[in-house]
Amino acid sequence: MLRKKLAIELTPLNIAIFYACVGGIWLLLFLSRVMTGFFRDPASARALEVNTSVFILVTAWLLYFLIRKSQFDMKQRKEALTRLNRSLRAYSECHQALIRAHDEVQLMQEVCRTIVEAGGYRVAWVGLAENDEGMSIRPVVQWGDEKGYVKNLRVSWANIDRGRGPTGVAIRSGQPVVAQYIEFDPKWELWRAEALEHGFLSSISVPLVDEGRAFAALVIYAGETDAFDVDEVKLLSELADDLSYGITTLRTAIQRKSAEKECMLLASVIEQAKEGIFLFDGEGVIKYVNPAVEAITGRPPQAMINHNINTLEYQEYNRIFYEAIMKAISRGEENAGRFFYKRKDGVMLEIDVNIWSVSDVSGNVISYAALARDITHEMQLERQLRQAQRMEAIGTLAGGISHDFNNTLASVITCAEMALDEVPPGSPLQELLDVILKSGLRGKNLARQILTFSRQVEQERQEVQVEMIVNESLKLLRASLPASIEIRLNRGHDLRRVVADPTQIHQIVMNLCTNAVHAMRGQPHGVLEIWLDNVDVGLVPPIAVGFGTLAPGVYLRLTVKDSGHGMDEKTKERIFDPFFTTKSQAEGTGLGLSVIHGIVTNH
């Protein structure tokens, strides 16, 4: 059996017609009863019929209007609910983007994409409020704008014509600005024509706020009018707040990472610094020392941290150093000074120290710091420089005097020789003239040594094997040395030849060894050691050695060492001064090391 079903659309008009038909049938039945039973007058029945018909038609029309309005309201609510659902979906997806984001530009891009694709809007973009001269709004990301509308947009957030648009007002006021009808909204006056060409009919600009100040705006364009109701505006405002928080969080994370990186760099600088750095509290307890402190004090960091500086040292030199730090801390003032510090291995250092207080951002002192720098080598170089300058001045003076002295001695020697030739043998004057001649010759030899010291005399140089000269000198010395002194000669491999004056090299060896032997007098056993070895100076800039500088290259080093009593610091400072000697007047002139200094420097 074939069944057919008739589907009738229940529209407001169909409902009204159905209601009128039912009413007509009811009316006919009613009138037939009335006419047969209650009313015998046809006119009265006719009037009743007309009034009833009018009532039915009015009721039908009213029913149609009410149903039509109800359907319109339902449609409106359905469309609003659809838009709200789309906004909620976009809001939810934007939250997912906030969770996954690692970069603020990528986050803003993802939010704009979600608003357009999930929210059903035409275009979404984010503009940053620049602090340039024109206070411009710079679009950084957008989605949906394929024709370049946003790219060419010129907007400001200043109180000028281009700053009185929805986005400028939103940033300036910190409140959302909605334009439900772009075509008639006065805030869109400068941009209306182009916006309508792109199909934008309504818009919303929501500020992105951080610490009460709007730094950007989220702008959304819709393709229909009246697209943003109260619920959507509230939802999009919450989304903008979340976006602001996400951007701020990402920026804070970047700043924190940058600060951590900077702190690590500063920590590395402090850890690798050559200067020793101490951190103390107000009681003088050490809270931190860098590795360089160990090289200066000889104490490992773990043996100093959390110890009071008063408990570290009892040696006089070091006690003065630590007392200066404590005085600076107790007085709360900056201090600087130079101190001698004796390490546990016995090495004496000269230290330059600066002490200062460390304050927090409020200006409260939270710690004290001390920077200790080992200036031992610098002070040695400074003393050597002063010595070299003194030697240069003395050498210049001695060179000038020796020339005049030589001229005077030449006349004395010549006259003494001539007088000796004229004096008959056995004359009492002969002995006196011999004394004059010998004294003149000694003076001439002394003048030659002075000239050598002052580097005024150039000697002929040639390639020589210094080892041969040393051997020859030691043979001469051996014959005059007591048996209690042992001579040790240490030779390096493949000793190089040098260009030098062999006589002057011989003079160097003899003077050094003679001084060494003199220092070992009175000892039951002495050792005189001589080393000869090659030294490769491989540094690019010249390096300071003694009183001069050495360019890169291979050099021959001669070292003489004895087991004698040595010299104190004051003697060391004067050993190259001419005529300075620790020997008695009859044992030396004080020119031995001065001459050596002149020869070596000249070579």
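The exercises below, each with a worked solution, explore a predicted model of one protein chain.

**Exercise 1. Confidence**

Find the mean pLDDT of the chain, and state which elements have the lowest and the highest mean values.

Solution. Start with the chain as a whole: its mean pLDDT is 78, and 74% of its residues reach 70 or more. Turning next to the elements, strand E15 (residues 543-545) has the lowest mean pLDDT, at 52, while strand E3 (residues 177-179) has the highest, at 95. Finally, look at residues 1-10, where the pLDDT is below 50 and where the model shows 3 contacts beyond near neighbours in sequence.

**Exercise 2. The largest nonpolar core**

Determine which residues of the largest nonpolar core touch the most other members, and which elements each supply at least two of its residues.

Solution. As background, nonpolar side chains in soluble globular proteins tend to be buried together. In this model the largest nonpolar core has 29 residues, of which Ile115, Val126, Leu208, Ile220 and Phe228 touch the most other members. The elements that each supply at least two residues of this core are helix H3 (104-117), strand E1 (123-129), strand E4 (202-210), strand E5 (213-222) and helix H6 (230-272). Of these, H6 gives the most, with 7 residues. To see the surroundings of one member, take Val126 and leave aside its neighbours within four places in sequence: its contacts then include Met108, Cys112, Val141, Leu208 and Leu218.

**Exercise 3. Salt bridges**

Work out which parts of the chain are tied together by the salt bridge between Glu104 and Arg251, and then examine the pair Asp533 and Arg557 in the same way.

Solution. The count of salt bridges comes to 10. In the one between Glu104 and Arg251, the closest N and O atoms are 2.9 Å apart. Because Glu104 lies in helix H3 and Arg251 in helix H6, the pair ties together parts that are 147 residues apart in sequence. Glu104 counts as buried, since its relative accessibility of 14% falls under 20%, whereas Arg251, with a relative accessible area of 29%, is partly exposed.

For the second pair, the closest N and O atoms of Asp533 and Arg557 are 2.8 Å apart. Asp533 lies in strand E14 (residues 526-537) and Arg557 in strand E17 (residues 553-562), so this salt bridge ties together parts that are 24 residues apart in sequence. Asp533 is partly exposed at 22% relative accessibility, and Arg557 is partly exposed at 42%. Salt bridges can also share partners, and in this way Glu110, Arg113 and Glu117 are joined into one network.

**Exercise 4. A surface patch**

Identify the residues that make the nonpolar surface patch of about 280 Å², and decide whether Leu397 is buried or exposed.

Solution. The patch is made by Leu397, Ile401 and Phe405. Leu397 lies in helix H9 (residues 376-422). With a relative accessible area of 55%, which is over 50%, Leu397 is exposed.

**Exercise 5. The surroundings of His603**

Locate His603 along the chain, and list the residues it touches beyond those up to four places away in sequence.

Solution. His603 is found in the segment after helix H14 (592-602), and at 34% relative accessibility His603 counts as partly exposed. Leaving out residues up to four places away in sequence, His603 touches Arg461, Val499, Ala500, Asp501 and Gln504. For Val499, the separation from His603 is 104 residues in sequence and 8.4 Å in space, C-alpha to C-alpha.

Conventions
Residues numbered from 1 in each chain as written. Predicted model: local features only at pLDDT ≥ 70, side-chain atom pairs only at ≥ 80, totals over all residues. Heavy atoms only, no water. Patch = residues over 30% accessible without salt bridge, like charges linked within 9 Å, V, L, I, M, F, W, Y side chains within 5 Å. Areas by Shrake-Rupley, 256 points an atom, 1.4 Å probe, with all protein chains shown as cover. Salt bridge = Lys/Arg side-chain N within 4 Å of Asp/Glu carboxyl O. Helix = DSSP H or I, 4+ residues; strand = E, 2+ residues; numbered from the N terminus. Buried < 20%, exposed > 50% of the residue type's maximum accessible area, 1.4 Å probe, protein only. Core = buried A, V, L, I, M, F, W, Y, C linked by side-chain atoms within 4.5 Å. Contact = heavy atoms within 4.5 Å. pLDDT = per-residue confidence, 0-100.
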